[in-house]
Every structure is written in structure tokens, then in C-alpha cells.
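Work through the exercises below with the sequence and the model open beside the text. Each one sets a task and then solves it step by step.

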Amino acid sequence: MSGHGFHVHGPHDHAVEHAAHSNDKFSGNIAVTTAILATVGAIFGYQGGATQNDAALFKNNAAIAKTEASNRWNYYQAKSSKQNLAELAMLLPNADVEKFKAEVLRYKEEKDAIKKDAEEWEAKSTEWDHKSDHALHKHHQWALATTAEQIAIALAAITLLTNRKWLMYATYGVAAIGLGLGALAML
């Protein structure tokens with residue numbers, strides 16, 4: 001029990017504690033297995049949370065880059081509008097055609113630089129999106145590994161309560177699957 005508030009024990013916690021203090025080798029092995037599985041599951045859970053946070057951060061960076069690209073494209077469009085007005089002004093009677101030609105040329109050059117910048121921001125956004133997708137995929141792998149370890153812990157508790165040896169093998173099998181999934185997530 002915690003000194004601050006109360007702690008609710010699961011139905012198998014008492015049996016695990018009792019098994020840990022008894023001389024029953026079968027029960028002792030299951031109790032140790034449960035502790036190891038809980039530790040491995042906690043590590044997998046931490047990794048899953050970390051990759052989920054990374055995915056959210058990367059997605060946020062992608063959104064920021066996409067917004068910046070959009071701002072650049074809006075600026076590009078404004079320059080296009082000014083270029084169109086300058087082209088139209090050249091057609092007006094008594095217009096200073098050379099002045100407007102110079103403006104059209106200036107706007108074309110400015111647009112080229114703005115376009116390049118906007119495309120770079122779009123590429124950054126795409127890169128952040130890919131990083132986010134990869135991190136989210138890793139998160140799902142860690143979540144599967146954590147779930148397998150939690151199932152193995154539940155099987156260990158049932159094994160302890162029922163004293164069935166075949167359940168112990170099922171526990172080890174599911175735990176091995178969880179470790180395999182964790183190894184895949186790590187890679």
C-alpha cells in the first residue's frame with residue numbers, strides 16, 4: 001500500500017506475493033516470471049509512448065512546414081497578380097511600355113525564387129510526414145509487444161491460481177512472441 005491514498009491490488013497480486021514467499025518451486029518460478037514480464041512490459045510500454053510522442057512531434061513539424069509552404073505559394077500568387085497587372089498596363093494607351101516590361105521581368109525573377117523556396121518547404125513537410133509515419137509504425141509494433149507481455153502476465157496469474165503446468169508453457173510462448181515483437185520494434 002502507498003502512503004498517499006490507496007492502492008488497489010489485482011486479484012492475482014496476493015497469490016503472487018504468497019507464492020514468492022513460499023517454498024513451492026512451481027509457484028516461485030511463476031512469481032519470478034511475472035515480475036520479469038512486468039518489467040519487460042514496462043520497458044516496451046515506455047518505448048511505445050516515446051515513439052508515439054515522436055510521431056506527434058514529427059506530424060506537428062510537417063504541419064508547420066506545410067503552412068510555411070502555403071504562405072510562400074500565397075506570396076508567389078501575389079507576385080503573379082502584380083505581374084499580370086503590369087502586363088495589362090503595357091496595353092494601355094500612352095503607357096510606359098519599357099517601365100512595365102521591367103516590372104514584368106522583375107516579378108518573373110522574384111517568382112522563381114519564391115517558387116523554389118515554396119517547393120523546399122513542401123519537401124520538408126513531406127520528409128516530416130514520412131518520419132511521423134515511420135514513428136507511428138514503430139509505436140504500433142511496441143504496442144503489440146506490450147500487449148503480448150500483458151497477456152503473458154495474465155496467463156501467468158491464471159497459471160498460478162490454477163496450478164496448471166500447460167498454462168505455464170502457454171505463458172512462456174506468449175512471452176516469447178512478445179519478446180520477438182519487441183525485437184522487431186527495436187530493429
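A polar contact is a pair of N or O atoms within 3.5 Å; within protein, one of the two must be able to donate a hydrogen and the other to accept it, and residues adjacent in sequence count only if both atoms are side-chain atoms. The model is predicted, and local features need pLDDT of at least 70, side-chain atom pairs count only at pLDDT 80 or more, while totals for chains, interfaces and linings use all residues. Residues are numbered from 1 along each chain as its sequence is written, and side-chain values use heavy atoms, with hydrogens and water left out.

**Exercise 1. Describe the overall fold of the protein chain.**

Step one is to list the elements, where helices (H or I, at least four residues) and strands (E, at least two) are DSSP runs numbered from the N terminus. The protein chain has four helices and zero strands, and along the sequence they give the pattern α-α-α-α.

Step two turns to burial, where buried means under 20% relative accessible area, exposed over 50% and partly exposed in between, with a 1.4 Å probe and protein chains only. Of the 187 residues in the protein chain, 32% are buried.

Step three uses contacts, meaning heavy atoms within 4.5 Å. Among contacts between residues at least 6 apart in sequence, 79% join residues at least 24 apart.

**Exercise 2. Place Thr171 in its surroundings.**

Begin with its position: Thr171 belongs to helix α4, which covers residues 165-186. Thr171 has a relative accessible area of 1%, so the residue is buried.

Next, look for its partners. The side chains of Thr171 and Thr159 are joined by a polar contact of 3.5 Å. When neighbours within four places in sequence are left aside, the residues in contact with Thr171 include Thr33, Leu37, Ala152 and Thr159.

**Exercise 3. Find the largest nonpolar core and the helices that supply it.**

A nonpolar core is a set of buried Ala, Val, Leu, Ile, Met, Phe, Trp, Tyr and Cys residues joined through side-chain atoms within 4.5 Å. The largest one has seven residues, namely Leu37, Ala152, Ile153, Leu155, Leu167, Val174 and Ala175. Helices α3 and α4 each supply at least two residues of this core. One of its members, Ile153, touches Thr34, Leu37 and Ala38, if residues up to four places away in sequence are not counted. As background, nonpolar side chains in soluble globular proteins tend to be buried together.

**Exercise 4. Which parts of the chain does the aromatic pair of Phe44 and Trp142 tie together?**

First comes the rule: rings of Phe, Tyr and Trp (its six-membered ring) pair if their centres lie within 6.5 Å, and planes under 30 degrees apart count as stacked, over 60 as edge-to-face and the rest as tilted. The structure holds three aromatic pairs. One of them, Phe44 with Trp142, is tilted, at 5.4 Å centre to centre and 50° between the planes. Phe44 lies in helix α2 (residues 25-89) and Trp142 in helix α3 (residues 97-162), so the pair ties together parts that are 98 residues apart in sequence. Both Phe44 and Trp142 are buried.

The pair of Phe58 and Trp128 has ring centres 5.5 Å apart and planes at 35°, so this pair is tilted. This pair, too, links distant parts of the chain, with Phe58 in helix α2 and Trp128 in helix α3, 70 residues apart. Trp128, at 26% relative accessibility, counts as partly exposed.

To finish, follow Trp142 towards the chain end: the C-alpha atoms of Trp142 and Ala185 are 43 residues apart along the chain and are separated by 5.8 Å. Leaving aside neighbours within four places in sequence, the contacts of Trp142 include Phe44, Gln47, Gly182, Ala185 and Met186.

**Exercise 5. Compare the two asparagines that have a positive phi.**

Most residues other than glycine have a negative phi. Asn94, however, has a positive phi near 60°, and Asn163 has a positive phi of about 60° although it is not a glycine.

Then place each one. Asn94 lies in the loop between α2 and α3 and is exposed, with a relative accessible area of 84%. Asn163 lies in the loop between α3 and α4 and is partly exposed, with a relative accessible area of 48%.
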